Amino acid sequence: MNELIAIVVGSALFHNGKHYAIGDEIRVTADEYANLSVYLQLQDDTLKAQEEAKQTAEAQAKALAEQAEQERIAMQEALVKAEASLAATQLELDETKAKLTEAEAALVTLKAQQAKRKGAAKAETEASAEVEAETVTDKAK
């Protein structure tokens with residue numbers, strides 16, 4: 001008699017006075033297998049199913065790993081761009097600060113020149129007033 005090796009699947013099985021739990025191996029004839037096929041899966045089929053499940057799991061793991069790697073690369077590129085943008089912004093800030101310092105220095109210089117001109121104008125006005133006063137005094141004499 002040609003025996004088949006099967007794996008119990010679906011639910012536990014009581015066969016020929018022996019209890020078989022899910023996952024147990026059982027030796028049955030082709031006729032017995034035909035009658036119990038709802039509860040059994042041939043070992044070769046089980047191995048094939050396990051291999052297919054393993055291949056599917058490996059393919060999914062590989063796909064997830066590739067996706068994670070692509071996301072890591074994208075995040076790294078975004079970080080590089082952000083760092084470059086930050087550096088450019090910092091450079092612009094430094095240039096703006098330098099221009100502001102130059103403008104403040106120019107303002108101080110202009111205020112000093114303005115004060116000097118006001119002083120000169122005031123002195124000139126006072127000198128003109130003295131000359132005019134002298135002229136008026138001379139005319140009155």
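# A walk along an extended chain

Of the 141 residues in this protein chain, 9% count as buried. The model is a predicted one. Its mean pLDDT is 87, and 94% of the residues reach 70 or more. Confidence peaks in strand 3, residues 18-20, at a mean of 94. It is lowest in strand 5, at a mean of 86.

Start with the overall form. The C-alpha atoms fill a box of roughly 160 × 20 × 15 Å along the principal axes. The radius of gyration tells a similar story. The protein chain has 50 Å, whereas a compact globule of 141 residues would have a value near 14 Å. The chain exposes about 11,600 Å² of surface. Carbon and sulfur atoms supply 57% of that area.

Now take the elements in order. The protein chain holds two helices and five strands. From the N terminus, they run β-β-β-β-α-β-α. Helix 2 covers residues 43-140. Contacts also link parts of the chain that lie apart in sequence. Among contacts with a separation of 6 or more, 44% join residues 24 or more positions apart.

Next, look at how strands pair. Strand 1, residues 3-8, pairs with strand 4, residues 25-29. The sense is antiparallel, and the pairing runs over five bridges. Strand 1 also pairs with strand 5, residues 40-42. That pairing is antiparallel too, with three bridges. Two residues help you find these pairings on the model. Ile5 stands opposite Arg27 in strand 4. Ala6 stands opposite Leu42 in strand 5.

Stay with Ile5 for a moment. This residue belongs to strand 1. Is Ile5 buried, exposed or partly exposed? Its relative accessible area is 26%, so Ile5 is partly exposed. The cut-offs make this clear: buried means under 20%, and exposed means over 50%. Which residues does Ile5 contact, leaving aside its neighbours within four places in sequence? They are Glu25, Ile26, Arg27, Leu42 and Gln43. Arg27 is the residue that stands opposite Ile5 in strand 4.

Move on to Leu40, in strand 5. Leu40 counts as buried because its relative accessibility is 4%. Its contacts, leaving aside neighbours within four places in sequence, make a longer list to trace on the model. Leu40 touches Ala6, Ile7, Val8, Val9, Leu13, Ile26, Val28 and Tyr33. Ala12 is 28 residues away from Leu40 along the chain. The C-alpha atoms of these two residues are separated by 9.9 Å.

Strand 2 brings another buried residue. His15 lies in this strand, which spans residues 13-15. At 11% relative accessibility, His15 counts as buried. Its side chain makes polar contacts. One joins the side chain of His15 to that of Asn16, at 3.0 Å. Another joins the side chains of His15 and Glu32, at 3.4 Å. Beyond residues up to four places away in sequence, His15 touches Tyr20, Ile26, Val28, Glu32 and Leu36. Glu32 therefore appears in the contact list of His15 and also shares a polar contact with it, since their N or O atoms lie within 3.5 Å. Ile26 is worth finding too. It is in contact with Ile5, with Leu40 and with His15.

Step one residue further, to Asn16. Asn16 sits in the loop between strand 2 and strand 3. Here the setting changes: Asn16 counts as exposed, because its relative accessibility is 65%. Its backbone deserves a look as well. What is the phi of Asn16 near? The value is near 50°, which is positive in a residue other than glycine. Most residues other than glycine have a negative phi.

Finish in helix 2, at Lys48. Is Lys48 buried or exposed? Lys48 is exposed, because its relative accessible area is 52%. Two distances place Lys48 against the strands and loops you have already visited. Lys48 and Ile5 are 43 residues apart along the chain, and their C-alpha atoms are separated by 14 Å. Lys48 and Ile22 are 26 residues apart along the chain, with 18 Å between their C-alpha atoms.

How values were computed
Residues numbered from 1 in each chain as written. Predicted model: local features only at pLDDT ≥ 70, side-chain atom pairs only at ≥ 80, totals over all residues. Heavy atoms only, no water. Helix = DSSP H or I, 4+ residues; strand = E, 2+ residues; numbered from the N terminus. Buried < 20%, exposed > 50% of the residue type's maximum accessible area, 1.4 Å probe, protein only. Polar contact = N/O pair within 3.5 Å; in protein donor to acceptor, adjacent residues only side chain to side chain. Contact = heavy atoms within 4.5 Å. Pairing = 2+ DSSP bridges. Rg over C-alpha atoms; globule rule 2.2 N^0.38 Å. Areas by Shrake-Rupley, 256 points an atom, 1.4 Å probe, with all protein chains shown as cover. pLDDT = per-residue confidence, 0-100.
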